[in-house]
Amino acid sequence: MRILIMYATLTPVVIAGAANMLFTKTQLYRSHCSPIDGGKNFSDGKRIFGDNKTWAGFFGMIAATALAQIMWGLLTASSGAISSRNELYHSFDNSLLFNAIAGAMFGLAYVLCELPNSFIKRRIDIQPGKTSHGLKGAIFFIIDQIDSLLGVVLILTLFTGLTIPQYIQYIVLGALTHIALNLILYAAKIRKNL
């Protein structure tokens, strides 16, 4: 079943996303949360990315994804059912080095692909961590669910040669998973808004 293949392959990214969200609530994060844009404004006088895009979160996501990928590789090494469904391991050995590299690349793609969305939202006066209403709100709700996925699934495609329909399937399932995870984090009062 295609859904099981997709979860067997990208569960580390889901775990890392949740872990990084929890990390942003810690004192360690708060004491090292310098914004990526250095607090600077763009030529339009508005912040480039805003306070929510920080170097700690940027590198935290890369580290969390690399670690989650390594742990997932160790776990799936003892489970033929999961390992055989993981598309990465069809093309590459389930090794510590490969998992560290793949995880770091997924994490880097995740954070880099969030930045254009933040940049555009600052231009149209959507505050960091906030949502908008009406059509603009609906459009950015969808973009917020898929921006990081676009990069993550692109990296997966480079590793595995996904077809365009498979790429789209990963984006749709990832968006639905992102929404479900946000609902859980919101209910647990870890996330302030959806």
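The protein comprises eight helices and zero strands. In this predicted model, the order of elements from the N terminus onward is α-α-α-α-α-α-α-α.

The overall dimensions were examined next. For a chain of 194 residues, a compact globule would be expected to have a radius of gyration near 16 Å, and the value of 17 Å computed for the protein agrees with that expectation. The C-alpha trace extends over about 55 × 35 × 35 Å along the principal axes. Of the 194 residues, 42% are classed as buried. Contacts were also considered by separation along the chain: among those between residues at least 6 apart in sequence, 68% connect residues that are at least 24 apart.

With respect to the surface, the protein exposes about 10,300 Å², and 71% of this area is supplied by carbon and sulfur atoms. The charged groups consist of 16 positive and 9 negative charges, and the mean positions of these two sets are 8 Å apart.

Helix α6 covers residues 96-123 and thus contains 28 residues. At 1.5 Å a residue, a helix of 28 residues should span 40 Å; the end C-alpha atoms of α6 are 42 Å apart, so the computed distance agrees with the expected one. After α6 comes D125, a residue with a positive phi, near 65°.

Helix α7, formed by residues 134-160, contains S148. The relative accessible area of S148 is 2%. Because a residue counts as buried under 20% relative accessible area, S148 is assigned to the buried class. When residues up to four places away in sequence are left out of account, S148 touches A109, Y110, C113 and E114. These partners of S148 carry numbers that fall within the range of α6, residues 96-123.

A contrasting environment is found for R30, which is located in helix α2, residues 27-30. The relative accessible area of R30 is 47%. This value lies between the 20% limit for buried residues and the 50% limit for exposed ones, and R30 is therefore described as partly exposed. R30 was further compared in position with A56: the two residues are separated by 26 residues in sequence, while their C-alpha atoms are 8.9 Å apart in space.

In summary, the model is predicted and has eight helices and zero strands, with a radius of gyration that agrees with the value for a compact globule. Within this arrangement, S148 of α7 is buried, whereas R30 of α2 is partly exposed.

Methods
Residues numbered from 1 in each chain as written. Predicted model: local features only at pLDDT ≥ 70, side-chain atom pairs only at ≥ 80, totals over all residues. Heavy atoms only, no water. Helix = DSSP H or I, 4+ residues; strand = E, 2+ residues; numbered from the N terminus. Rg over C-alpha atoms; globule rule 2.2 N^0.38 Å. Buried < 20%, exposed > 50% of the residue type's maximum accessible area, 1.4 Å probe, protein only. Contact = heavy atoms within 4.5 Å. Areas by Shrake-Rupley, 256 points an atom, 1.4 Å probe, with all protein chains shown as cover. Lys, Arg positive; Asp, Glu negative; His and termini not counted. Charge placed at Lys NZ, Arg CZ, Asp CG, Glu CD. Expected span 1.5 Å × (residues − 1).
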